[in-house]
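Visitor: Could you take me through the largest cavity and whatever sits in it? I'd like a close look at that one part.

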Amino acid sequence: MMDLVIPDKVHDESRQGEALLLEPKTESNGRKLYIESYGCAMNFSDSEIVASILAEKGFETTADYNVADVIFINTCSIRENAEQRVRNRLRDFTIAKVKNPGLVVGVLGCMAERLKSKFLEEEKLVDVVVGPDAYRDLPNLIEQVDGGQKAVNVLLSREETYADISPVRLNSNGINAFVSIMRGCDNMCSFCVVPFTRGRERSRDPQSIVAECAGLFDSGYREVTLLGQNVDSYKWKPENKQEQKTETEKPVLGMDLLDKVLASGEDLSVMYNHTVEEGDVTFANLLEMVALISPELRVRFSTSHPKDITDDVLYTIAKYDNICNYIHLPIQSGNSRVLKLMNRTYNREWYMDRVAAINRIIPNCAISTDIITGFCSETEEEHQDTLSIMDHVQFYFAYMFMYSERPGTLAAKRYADDIPDAIKKRRLQEVVAKQQEHSHERLKKLVGTTQRVLIEGFSKKSNKDYSGRSDQNTVVVFPVGEGYKPGEYVDVLIERCTTATLIGMAHSPQTSAN
Ligand code: SAM
Ligand code: SF4
């Protein structure tokens, strides 16, 4: 299966399978942890939480799985090829296990949640299976395996946000960090497995988010990306108004939830809870709180959902120069019938209205998107609607995928996966070709302009060049020079571009993000 991504930071192809390194927080227990991550930025952020929990128990991290006592692989289930990648990677650990029979091999994250104890039957090498809400239990689960048993904890939670666990980020560049602001998703897009693998949506206490971002700024970080599956539905109620859920009110979690709602005949919208009351902290409020930490701290966020992005959020972005003019707004399809089948709860016109609002309120805001080709029953004309809305919006970047049926989802239950792979692939190629044209056009228009860039480090190709990102999230490359270094802002005059990179010359160091 072919997926094509024009890279930004949130799903970074070059980071897939990356191992995490942390300093032990307490005295070493003599055991080494190797943890590698796949999928979206949320998983990478979760691996930092996992490593922090185990560092408290004296585990040291290693970047070499051959010397590890515990190997964890944090997995993604979003498409079939993501799962296949993890299964192939598990094969690589077989020899390490033969050499060291005491080695603990664990599978974490979405695939663990989806397959549960079935994973232990399918992959004999695996000792521990742990879902995304059960990481605090890891020390006990490892002990269980040390005692000769296999261990599984895939309980999803209504409350867990790991708010009190401050991830240590030693193998980051010390400049950009991801900060998780919420977990789970209540949206039930019919193609998507996330609501089943990550459970119900819950928001993290804003004070803990601001404290984490301020701490990052104090230790030299200059950009935070606030992460959630649907950041626009972030909502925090003041302590005295927190919902008191009784056992009977608590919805059943996981795949059972969908079956229950379908069996009751209720509309799936019963799962959404977006009413905002006086005193609630909304995403717009949170953005403002984080932006106020310092004008030198750039603030990004991902992902926005077209049905929820409000003008309030747009006005907040426009008000603060350090909130980047960049919105990732996944469209999935440009056709209203397909969007309805996808249960996206907006149509083509709604999406175009949101794009018009962005352009009106935040001139020069870059918009990127996600597109799925060959969803169940999509016709050629409907595919053309996706191409035509791309022409209308002219996205800066896009993540583009062929539809991959995921077991247990609404689409798998209701609709036939009836578009042949060859057609899905051809449509994907058309979408990719169009996006490359648009990305190039967008960047060509920036030649001759000056862009403020946060320097992230040397460029991938040469130590003679620095690489950083513009406010609109485009990679900018320019020669290393006197007077500026990674972690600082610099104005770069853009001289030329490729389809994904701006190339220029730095002309003045700057102190603020804009
Ligand atoms: N919460 C985000 C949103 O609503 O846009 C997206 C999260 S999902 C991890 C990232 C992207 O993966 C989706 O926007 C969608 O384009 C793609 N995706 C999800 N399920 C898919 C599937 N079954 N087949 C192909 N692509 C899929
Ligand atoms: Fe999946 Fe839709 Fe939730 Fe995004 S909003 S995670 S696509 S269910």
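Guide: Let's start with ligand 2, whose shell has seven nonpolar, three polar and one charged residues by class (Ala, Val, Leu, Ile, Met, Phe, Trp, Tyr, Cys and Pro count as nonpolar, Asp, Glu, Lys and Arg as charged, and the others, Gly among them, as polar). A quick word on the ground rules: this is a predicted model, where local features need pLDDT of at least 70 and side-chain atom pairs count only at pLDDT 80 or more, while totals for chains, interfaces and linings use all residues. Residues are numbered from 1 along each chain as its sequence is written, chains are lettered from A and ligands numbered from 1 in the order in which they are written, and side-chain values use heavy atoms, with hydrogens and water left out.

Around ligand 2 you'll find, among others, Cys185, Cys189, Cys192, His305 and Arg344; being near here takes a heavy atom within 4 Å. The space ligand 2 takes is the largest cavity, and the space taken by ligand 1 is the largest cavity too. A molecule sits in a cavity if more than half of its atoms lie within 2 Å of its grid points.

Cavities are found on a 1 Å grid over the protein atoms alone, as sets of points where a 1.4 Å probe fits but cannot get out; lining residues have an atom within 4 Å of a point. There are five cavities of 30 Å³ or more, and the largest has a volume of about 850 Å³, with points joined across faces, edges and corners and the volume being the space filled by probe spheres set on them. Its lining counts 44 residues, and Ile78, Cys192, Val194, Gln229 and Asp370 come closest to the centre. By class that lining splits into 22 nonpolar, 16 polar and six charged. The top contributor is α7, with four residues; α1 (41–56), β17 and β18 each supply at least two. Helices (H or I, at least four residues) and strands (E, at least two) are DSSP runs, numbered from the N terminus.

Now for ligand 1, with 15 residues around it, Gln229, Pro330, Gln332, Asp370 and Ser404 being the closest. Its polar contacts are N or O pairs within 3.5 Å. Backbone polar atoms of Phe191 and Gln229 lie 3.0 Å and 2.8 Å from a nitrogen atom of ligand 1, and a polar side-chain atom of Gln332 is 2.7 Å from an oxygen atom. Taken alone, ligand 1 exposes 570 Å², and the protein buries 90% of that (Shrake-Rupley, 1.4 Å probe).

Conventions
Polar contact = N/O pair within 3.5 Å; in protein donor to acceptor, adjacent residues only side chain to side chain. 1 Å grid on protein atoms, 1.4 Å probe; cavity = no way out; pocket = protein on both sides within 12 Å on 5 of 7 lines; lining within 4 Å.
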